[in-house]
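Subject: Structure handover

Hello,

I am passing this structure on to you, with notes on what was found in it. Please read them with the structure open.

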Amino acid sequence: MANGGPVEHGFPHLETVREAVTALYRRLSYDTVRTFSASVAPVDVAFCDTDDLYLGTQRVARELVRHYRLPDARMIVSFREMTHAANVELTAGPEYFIELNDRFRTHRRDIGAALAHEVMHVYLHRLDLSFPGTRANEILTDTATTYLGAGWLLLDAYREDAASSQKLGYLTPEEFGYVLAKRALLFGEDPSVWFTSPQAYTAYGKGLARARRDEQQPPLAAAGWAGRRRYARDRRHAQDPHPAGPAADGGPYAFTAPAPGQLRVSFPCPTCHQRIRVPVRGRVRARCGLCRTVLECDT
């Protein structure tokens, strides 16, 4: 939790974020991901200063348990002084003990954001889904929280001005925006209408622009002129049996030729980032086997 300190910006964890999205689809399946088409509603996690601290916190925790479909899990929430925003004790259940930073006693509007991340830890623990290393595992948790409909709370908890700053989670604001945009493009929703933080709008806009770029990379038919020209150059180089020099770095796509005259290109699915391999033969329609996205390609 950045509290008054510098907030990291940009997309330094983007590769891990994309790996996390792929891991979610592989572990949950397409059908289960689709059951999270509705995000957590603001009214269900609203917390005002007149609400009883403990009763209100338990109410929000129960709502997040319901959203993640953990009906036999009970969250026992307490507050104490600590460095991080929150902590959860991962046990066999069904009771899980969550500790929130004492700061949330007076910053109650962000309790839902902190709980969304901690309850997701329980969800992933039950799935037996994790990444090696603390940082990578926390990035997985932030990504899963956001992709499955509760992470807009984490981005909305980001606030920054000349005198102070606050950010929850391990992703940068722009990375939260990127995952939110991925979800928005998948389910056709607009999470920006729920933001109360002005900085969240800006971060979401930058994340959305980055997410749209994923859909405009060659060999996808929606690629821009410059990308198509670079792709054509790299394709000619791959087809040449006696290239004059090493191939240029073509970006996310790669060419292989299992046999003469059988050139194929592989590239990441713009939805789930699993790599797809298709033959190089002009216009091709491909379907991702993991997330079932149908892609129009110009190979």
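Pro42 is a convenient place to begin: leaving aside residues up to four places away in sequence, Pro42 touches Trp152 and Trp194. Please keep in mind throughout that this is a predicted model. Pro42 sits in the loop that runs between helix 2 (30–34) and helix 3. Its relative accessibility is 32%, so Pro42 counts as partly exposed. Between Pro42 and Met120 there are 18 Å in space, C-alpha to C-alpha, and the two are 78 residues apart in sequence.

Helix packing

Two packed helices are described by the angle between their axes and the distance between the axes. For helix 3 (residues 53–67) and helix 4 (residues 111–127), the angle is about 45 degrees and the axes are 10 Å apart. The two helices are therefore oblique to each other, since an angle counts as oblique when it falls outside the roughly parallel range (under 35 degrees), the roughly perpendicular range (65 to 115) and the roughly antiparallel range (over 145). The crossing of helix 3 and helix 4 is right-handed.

Which residues meet where helix 3 packs on helix 4? From helix 3 come Leu53, Thr57, Val60, Ala61, Leu64 and Val65, and from helix 4 come Ile111, Gly112, Leu115, Ala116 and Val119. Nine of the residues in this contact are nonpolar and two are polar, with no charged ones.

The sheet

Strands of a sheet pair through backbone hydrogen bonds, either parallel or antiparallel. Here three strands make an open sheet in the order 7-8-9, with antiparallel pairing. Strand 7 (254–256) and strand 9 (275–279) are at the edges; each has a single partner strand, so one side of each is left without a neighbour in the sheet. From one strand to the next, the twist averages 30 degrees.

Strand 7 and strand 8 run antiparallel and are joined by three bridges. One of the residues involved is Thr256, whose bridge partner in strand 8 is Arg264. Strand 8 (residues 264–268) pairs with strand 9 over five bridges, also in the antiparallel sense. Within that pairing, Ser266 stands opposite Arg277 of strand 9, and Phe267 has Ile276 of strand 9 as its bridge partner. Strand 8 and strand 9 form a hairpin with six residues between them. His273, in the turn of this hairpin, has a positive phi of about 70 degrees.

Backbone exceptions

Most residues other than glycine have a negative phi, and most peptide bonds are trans. Besides His273 in the turn, two loop residues are worth a look for their phi.

- Asp128 has a phi near 60 degrees, a positive value in a residue other than glycine. Asp128 is in the loop between helix 4 and helix 5 (134–147). Its relative accessible area is 68%, so Asp128 is exposed.
- Arg292 is not a glycine either, yet its phi is positive, about 70 degrees. Arg292 belongs to the loop between strand 10 (283–287) and strand 11 (294–298). With a relative accessible area of 38%, Arg292 is partly exposed.

Where in the chain is the cis peptide bond of Pro219? The bond joins Pro218 and Pro219, with omega about 10 degrees. Pro219 lies in the loop between helix 8 (198–214) and helix 9 (225–239).

Regards

Note on methods: Residues numbered from 1 in each chain as written. Predicted model: local features only at pLDDT ≥ 70, side-chain atom pairs only at ≥ 80, totals over all residues. Heavy atoms only, no water. Pairing = 2+ DSSP bridges. Helix = DSSP H or I, 4+ residues; strand = E, 2+ residues; numbered from the N terminus. Axes fitted to C-alpha atoms, helices over the stretch in contact; angles between N-to-C directions. Left-handed = near helix turned anticlockwise from the far one by under 90°. Contact = heavy atoms within 4.5 Å. Nonpolar A, V, L, I, M, F, W, Y, C, P; charged D, E, K, R; others polar. Buried < 20%, exposed > 50% of the residue type's maximum accessible area, 1.4 Å probe, protein only.
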